[in-house]
Amino acid sequence: MPATEEELRKALKAFKKRMKLTQLDDDSKLGHSPLTGSKAKVVSIQPPVGFGREIWEELAEKGYLKRDGMGFYELVPGK
């Protein structure tokens with residue numbers, strides 16, 4: 001049974017929030033020098049718990065997320 005638009009919207013919002021928090025956490029770690037020009041950037045994460053795998057697969061099929069392998073997903077720019 002396909003997920004409702006409301007469920008997909010909530011899942012995508014949770015994914016974006018988790019991605020943002022993961023990036024902020026990575027940026028705040030010791031060893032990253034603010035003087036160096038390039039920063040390592042978190043590109044993909046495992047989706048938050050609380051939503052079934054079917055929802056993440058459906059978001060990937062609709063083009064909002066991209067499968068990165070081993071259960072990791074990344075946001076598609078511009079979506």
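In this predicted model, E57 counts as buried because its relative accessibility is 19%, and the cut-off for a buried residue is under 20%. The residue belongs to helix α2. Leaving aside residues up to four places away in sequence, E57 touches R67 and Y73. With Y73 the link is also a polar one: the two side chains are joined by a polar contact of 2.5 Å.

Y73 leads from this pair into the wider structure. Residues up to four places away in sequence again not counted, Y73 touches F15, V43, S44, I45, P47, W56, E57, A60, L65, K66, R67 and D68. Y73 is also among the residues with the most contacts inside the largest nonpolar core, together with F15, I55, W56, L59 and L65. That core has 14 residues. Two elements, α1 (5–27) and α2 (53–61), each give two or more residues to this core. The largest share of the core comes from α1, which supplies five residues.

The helices may now be taken in turn. Helix α1 contains 23 residues and spans 33 Å from its first C-alpha to its last, close to the 33 Å expected at 1.5 Å a residue. Its buried residues are L8, A11, L12, F15, M19 and D26, and the buried residues of α1 pack against α2, β1 and β2. F15 therefore appears in several roles: F15 is buried in α1, is one of the core residues with the most contacts, and is touched by Y73, as the cut-off of 4.5 Å between heavy atoms defines contact.

In α2, the buried residues are I55, W56, E57, E58, L59 and A60. Among them, I55, W56 and L59 are listed with the residues that have the most contacts inside the core, while W56, E57 and A60 are touched by Y73. The buried residues of α2 pack against α1, β1 (65–69) and β2 (72–75). Following α2 comes G63, whose phi is positive, near 95°.

A positive phi also occurs in the loop between β1 and β2, where M70 lies. Most residues other than glycine have a negative phi. M70, although not a glycine, has a positive phi of about 55°. In contrast to the buried E57, M70 counts as exposed because its relative accessibility is 79%, and the cut-off for an exposed residue is over 50%.

The chain as a whole can be set around these details. Two helices and two strands are present, and from the N terminus on they run in the order α-α-β-β. Of the contacts with a separation of 6 or more, 59% involve residues 24 or more positions apart. The chain has 79 residues, 27% of which are buried. The exposed area of the chain is about 6,100 Å², and carbon and sulfur atoms supply 57% of this area.

Confidence in the prediction remains to be considered. The mean pLDDT of the chain is 88, and 86% of its residues reach 70 or more. By element, confidence is lowest in α1, at a mean of 93, and highest in β2, at 96.

Technical notes. Residues numbered from 1 in each chain as written. Predicted model: local features only at pLDDT ≥ 70, side-chain atom pairs only at ≥ 80, totals over all residues. Heavy atoms only, no water. Core = buried A, V, L, I, M, F, W, Y, C linked by side-chain atoms within 4.5 Å. Buried < 20%, exposed > 50% of the residue type's maximum accessible area, 1.4 Å probe, protein only. Helix = DSSP H or I, 4+ residues; strand = E, 2+ residues; numbered from the N terminus. pLDDT = per-residue confidence, 0-100. Areas by Shrake-Rupley, 256 points an atom, 1.4 Å probe, with all protein chains shown as cover. Expected span 1.5 Å × (residues − 1). Polar contact = N/O pair within 3.5 Å; in protein donor to acceptor, adjacent residues only side chain to side chain.
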